[in-house]
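Visitor: Hello! Could you show me the structure, and then we can go through it together?

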Amino acid sequence: MVRYRRNLVRGGTYFFTVTLADRQAAFLTEHIDLLRNAFRSVQMEKPFRIDAIVVLPEHLHAIWTLPDDDADYALRWKKIKANFTRLLIKSGIELNRNKKGEYDLWQRRYWEHTIADDEDMQRHVDYIHFNPVKHGLAKQVLTWPHSSFHRYVKDGMLPEDWAGCDVEINGVNE
């Protein structure tokens with residue numbers, strides 16, 4: 001069995017990509033309120049700050065900062081995934097089960113990257129906010145509703161027309 005190595009830093013800031021098993025599904029955006037509820041309930045139990053986030057139909061990207069005495073993001077993701085799955089079922093959505101009898105909604109693994117410094121943080125925030133345009137879901141960052149970009153604009157951290165046209169993300173002209 002492969003043993004995954006995770007970088008556990010108490011109070012760390014992490015970038016994540018979390019994906020549904022069915023890459024053609026749209027549960028995350030079609031049931032965004034249930035996803036928000038799943039996040040909120042976990043944040044109340046196991047606090048963390050969402051520094052940036054974008055939710056697309058079948059995957060999401062997020063940057064979290066954990067409390068100074070805590071490095072357990074895996075438990076938080078496990079609870080968010082379980083809560084969202086339960087909320088979908090409770091709302092009447094039928095989900096497939098795998099051979100083990102488990103609901104087959106989420107990919108088992110997720111991508112995690114420990115944010116190294118301010119420049120790394122900025123690159124990942126930009127990547128998150130530009131992602132709906134990259135995937136052809138929006139023509140402009142501003143038009144995608146499920147993004148922390150709107151909070152960044154409201155707080156004066158980014159202008160509304162940020163990435164309005166030809167922009168370079170992670171050294172690649174998108």
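Visitor: How many bridges pair β1 with strand β4 (residues 111–114), and in which sense do they run?
Guide: Keep in mind that this is a predicted model. One of the bridges puts Tyr-14 opposite Thr-114 of β4. Taken together, the pairing of β1 and β4 is antiparallel, and the number of bridges is four.

Visitor: And how many bridges join β1 to strand β3 (residues 59–65)?
Guide: Let's begin with one position: Val-18 faces Leu-60 in β3. The two strands, β1 and β3, run antiparallel, and the bridges joining them number seven.

Visitor: Is strand β1 (residues 13–19) largely enclosed or open?
Guide: In a regular strand, side chains alternate between the two faces of the sheet. On one side of β1 we find Thr-13, Phe-15, Thr-17 and Thr-19, and on the other Tyr-14, Phe-16 and Val-18, all of them buried. Because seven of its seven residues are buried, β1 is, with respect to the rest of the structure, largely enclosed.

Visitor: Is Asp-51 buried or exposed?
Guide: Asp-51 is part of strand β2 (residues 49–55). Its relative accessibility is 8%, and the cut-off for this class is under 20%. Therefore Asp-51 counts as buried.

Visitor: With which side chain does the side chain of Asp-51 make a polar contact?
Guide: Leaving aside residues up to four places away in sequence, Asp-51 touches several residues, including Thr-13, Trp-64, Thr-65 and Arg-151. The polar contact between side chains, at 2.5 Å, is with Thr-65.

Notes:
Residues numbered from 1 in each chain as written. Predicted model: local features only at pLDDT ≥ 70, side-chain atom pairs only at ≥ 80, totals over all residues. Heavy atoms only, no water. Buried < 20%, exposed > 50% of the residue type's maximum accessible area, 1.4 Å probe, protein only. Polar contact = N/O pair within 3.5 Å; in protein donor to acceptor, adjacent residues only side chain to side chain. Contact = heavy atoms within 4.5 Å. Pairing = 2+ DSSP bridges.
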